[in-house]
Amino acid sequence: MDNAVPPRSAAPGPRRRDRHGRGMRGPIAPPQVPLAASRAEVFADLVQDSVERLERRWPQLAEIDFVVLEVPRLDGPGQVWSDDAVPLGGTVPSGDGRRGRVVVYRRPVEIRTKGRDERAALVHEVVVEQVAELLGLTPETVDPRYGED
């Protein structure tokens, strides 16, 4: 046989090239870039950044839970959606031994924004509005820069 392929050695050695002959690939991204961060995780980070920004001014926010939910839900069978507005956030006041809660709805916020900066600004507005409602203050009192963007 003239076209015989030489047999492979039994012991595998280090691969010099990938199976397409292009060589070994390097890392996909630098180590400081989070490759596996989902959209939900990135959104939760935006909410956390906003909360940390407000906690410097309002230390009592440590007693409030901040929660991210995908979409608002209807609690009762008789409730219907309003065609005019879908809420971007909500509050649950403290009571009966439970902490106050601020809820930010991820999907309605994402749908209304185009980029990360716009999304971060809207998340901060929603968090400020909900904190103001929970504390019984105006949004401008909670964050003096509210509404400037």
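These questions and answers walk through a predicted model of a protein, from its overall fold to its charged residues.

User: In what order do the elements of the protein run from the N terminus on?
Analyst: The model is predicted. The protein has four helices and three strands. Read from the N terminus, their order is α-β-β-β-α-α-α.

User: What percentage of the residues of the protein count as buried?
Analyst: Buried here means under 20% relative accessible area. The protein has 149 residues. The share that counts as buried is 26%.

User: How much of the area that the protein exposes do carbon and sulfur atoms supply?
Analyst: The protein exposes about 11,200 Å². The part supplied by carbon and sulfur atoms is 51%.

User: Of contacts with a separation of 6 or more, what percentage comes from residues 24 or more positions apart?
Analyst: Contacts with a separation of 6 or more form the base of this count. Within that base, residues 24 or more positions apart account for 60%.

User: Is Ser50 buried or exposed?
Analyst: Ser50 sits in helix α1, which spans residues 39-55. Its relative accessibility is 4%. The cut-off for buried is under 20%. Ser50 therefore counts as buried.

User: Which residues does Ser50 touch, not counting those up to four places away in sequence?
Analyst: Ser50 belongs to helix α1. Leaving out residues up to four places away in sequence, its partners are Val123, His124 and Val127.

User: Which residues gather in the patch of negative charge on the surface?
Analyst: One of the members is Asp49, placed in helix α1. Asp49 is partly exposed, at 44% relative accessibility. A patch member needs over 30% relative accessible area and no salt bridge. The full patch is Glu41, Asp45, Asp49, Glu52 and Glu55.

User: How far apart are the closest N and O atoms of Arg106 and Glu70?
Analyst: Arg106 and Glu70 form a salt bridge. The pair links distant parts of the chain, 36 residues apart: Arg106 is in helix α2 (residues 106-111), and Glu70 is in the loop between β1 (64-69) and β2 (89-92). Their closest N and O atoms are separated by 2.5 Å.

User: Which of these two counts as buried, Arg106 or Glu70?
Analyst: Glu70 has 38% relative accessibility, so it counts as partly exposed. Arg106 has 7% relative accessibility. With the limit for buried at under 20%, the buried partner is Arg106.

User: What separates Arg106 and Glu110 along helix α2?
Analyst: Arg106 and Glu110 form a salt bridge, with closest N and O atoms 2.9 Å apart. Glu110 is buried, at 9% relative accessible area. The two residues are four positions apart in helix α2, so their separation is about one helical turn.

User: With which residue does Glu110 form a salt bridge at 3.0 Å?
Analyst: The partner lies three residues from Glu110 in helix α2, so about one helical turn separates the two. This partner is partly exposed, with 29% relative accessible area. The residue is Arg107.

User: Which residues are linked in a network of salt bridges?
Analyst: The model has five salt bridges by the rule used. Among them are Arg106 with Glu70, Arg106 with Glu110 and Glu110 with Arg107. The network consists of Glu70, Arg106, Arg107 and Glu110.

Terms used
Residues are numbered from 1 along each chain as its sequence is written. This is a predicted model: local features need pLDDT of at least 70, side-chain atom pairs count only at pLDDT 80 or more; totals for chains, interfaces and linings use all residues. Side-chain values use heavy atoms; hydrogens and water are left out. Buried means under 20% relative accessible area, exposed over 50%, partly exposed in between (1.4 Å probe, protein chains only). Contact means heavy atoms within 4.5 Å. Accessible areas come from the Shrake-Rupley method with a 1.4 Å probe; for residues, only the protein chains shown count as cover. Patches are made of residues with over 30% relative accessible area and no salt bridge: like charges are joined within 9 Å, nonpolar side chains (Val, Leu, Ile, Met, Phe, Trp, Tyr) within 5 Å. A salt bridge is a side-chain nitrogen of Lys or Arg within 4 Å of a carboxyl oxygen of Asp or Glu. Lys and Arg count as positive and Asp and Glu as negative; His and the chain ends are not counted. The place of a charge is taken as NZ of Lys, CZ of Arg, CG of Asp or CD of Glu.
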